Amino acid sequence: MSSEFLRFFTDRTESMVEELRRLVEFESPTDAKVHVDRLGTYVAGVCTGLGAAVEVFPREATGDLLIARWNADAPGKPIMILTHLDTVWPVGTLDRMPLRRESGLLYGPGAVDMKGGVLVALEAIRALVERDELPDRPVWLFFNTDEERGSRYSRDLIQEIAPACGLVLVMEPGTRSEAIKCWRKGMARYAIYTKGRATHAGFTPEEGINAVIEAAHQALALHRLNDLQNGTSVSVTIIEGGFTINVIPPDARLEVDVRFLSASEAERVDQAIQSLAPVLPGAQVIVEGGIDRGPMAYDDQMKRAVGQLQAIGASIDLEIHAEGSGGASDGNFTAALGVPTLDGLGAAGAGLHAADEHVIIRSLPRRAALLARVLCDWDMDAV
Ligand SMILES: [Zn+2]
């Protein structure tokens, strides 16, 4: 049955490409609620047509969140497929970056991040429904709408519903070689304000307290927190201060991006940053921000989950590799709660957030087949 199953999907490649075009043509940047909701209404209709009950969670600033549920009353914990409808591309991008098919690739804004993942999820379920093989277990399909802006208005809901799930499948892109993600770094963000005293740089420089110099001291102290060999990066990415050339600056600001592989490293860096002290006499240092999300760790549970995924892949002649990423996703939230999470199950491709963003068309049926088999065959007790 293995090759027959994969062939069933491969034979649908052209209709998948057509459907992916349709999804990309709904331009859906995070901040354009009306546009994101239009796409939400479309995918909700598709899910309803496939027998799902769709629940809407209204949001004011961003698109409404949606959960499509199949077999809600079936026994066992749900498998939740996590997608996002929003993209980084403003409305109008299609005019200068039109959909283009070339050498087995489909180029377009949001094509792989993650309209391709949305497509894979919908097509896996469509195929199982048509074959009358949808398993007797609850399947949830979550559509986020602000993932590209840090999931500010969705993370609470994701964290609320994830603990009930036995498995979370994140449809972020796979790599060019169709590898999934088996770890992601966690993230912390800070804004650090230094305060000094303004004075005329010519008349009374000795009376000033230079907030820019204080910021420079802090920048170097922050930089020393790096431990790249252990996967911890502390990057001062913005430094700004002063307002005119002949005044000692009373204010400056730093922004800091921190990534880490373990909760203990997050703690170490966070404590160091929260206790930053001024170097210049009379200066002040004010720290805002903190740990944004924990890592999706490559722990024993992850190893078992990846192993099971690889076995399921092998059953339909797909060889699945796993890699890590310094970039975060909604999978960080669910993994940090201890819920078995697999990420990077969406379409394969490259050029995320870049002008050459594209999907590898061949991966669409392969990923849909893999997801369909996982929905049918996943053994929660083996993770
Ligand atoms: Zn994404």
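Biologist: Buried means under 20% relative accessible area, exposed over 50% and partly exposed in between (1.4 Å probe, protein chains only). With that settled, what share of the chain counts as buried?

Modeller: Of its 383 residues, 55% count as buried. This is a predicted model, where local features need pLDDT of at least 70 and side-chain atom pairs count only at pLDDT 80 or more, while totals for chains, interfaces and linings use all residues. Residues are numbered from 1 along each chain as its sequence is written, and side-chain values use heavy atoms, with hydrogens and water left out.

Biologist: Thanks! How many helices and strands does the chain have?

Modeller: There are 11 helices and 18 strands, taken as DSSP runs numbered from the N terminus (H or I, at least four residues, for helices; E, at least two, for strands). The C-alpha trace spans about 85 × 45 × 40 Å along its principal axes. Of the contacts (heavy atoms within 4.5 Å) between residues at least 6 apart in sequence, 80% join residues at least 24 apart.

Biologist: On to the metal, then. What are the protein donors of the zinc ion?

Modeller: H84 gives NE2, D113 an OD atom, and E172 appears twice through OE atoms, with distances of 1.9 to 2.6 Å. Donors here are N, O and S atoms within 2.8 Å of the metal (3.2 Å for Na, K and Ca), and sites may look incomplete as water is not among the atoms.

Biologist: And what is the site like in terms of angles?

Modeller: The zinc site is irregular, with angles of 52 to 151 degrees among the four donor atoms. For four donors, tetrahedral would need all angles between 85 and 135 degrees; square planar for four, like octahedral for six, would need opposite donors over 155 degrees apart and all others between 65 and 115, and anything else is irregular.

Biologist: Where do D113 and E172 lie?

Modeller: D113 belongs to helix α5, while E172 is in the loop between β7 (167-170) and β8 (180-184), so this pair ties together parts that are 59 residues apart in sequence. The spacing of the donor residues reads H-x28-D-x58-E.

Biologist: Is D113 buried or exposed?

Modeller: D113 is buried, at 5% relative accessibility, and E172 is buried too, at 6%. There is something else at D113: its peptide bond to M114 is cis, with omega near -15 degrees, and M114 is found in helix α5.

Biologist: Nice catch. Which residue in the loop between β6 and α6 should I look at for phi?

Modeller: S151, which has a positive phi of about 55 degrees although it is not a glycine. S151 sits in the loop between β6 (139-144) and α6 (155-161) and is buried, with a relative accessible area of 0%. H353, in the loop between β17 and β18, has a positive phi as well, near 60 degrees, but H353 is partly exposed at 44%. As background, most residues other than glycine have a negative phi, and most peptide bonds are trans.

Biologist: Let's change topic. Which residues touch the most other members of the largest nonpolar core?

Modeller: I81, L141, L169, L342 and W378, out of 70 residues in that core. Helix α5 (residues 111-130) gives the largest share, 12 residues. A separate core has 19 residues, among them I192, A215, A266 and L276. A nonpolar core is a set of buried Ala, Val, Leu, Ile, Met, Phe, Trp, Tyr and Cys residues joined through side-chain atoms within 4.5 Å.

Biologist: What does L141 touch?

Modeller: Leaving out residues up to four places away in sequence, the partners of L141 include C47, L66, W70, I81 and I125.

Biologist: Now the sheets. In what order do the strands of the open sheet with β11 run?

Modeller: The order is β11-β13-β9-β14, with antiparallel pairing; two strands pair if DSSP finds at least two bridges between them. β11 (233-241) and β14 (284-293) stand at the edges with a single partner strand each, so one side of each is left without a neighbour in the sheet. β11 and β13 (residues 251-260) pair over eight bridges, and I239 stands opposite L254 in β13.

Biologist: Which helix lies across β9, β11, β13 and β14?

Modeller: Helix α7 (residues 211-223), running at about 10 degrees to β13. Helix α8 (residues 263-274) also packs on this sheet, at about 160 degrees to the direction of β14. Axes are lines fitted to C-alpha atoms, for helices over the stretch in contact, with angles from 0 to 180 degrees between N-to-C directions.

Biologist: And which strands does α5 lie across?

Modeller: α5 lies across β5, β17 and β18, at about 45 degrees to β18. Those strands belong to an open antiparallel sheet in the order β4-β5-β18-β17.
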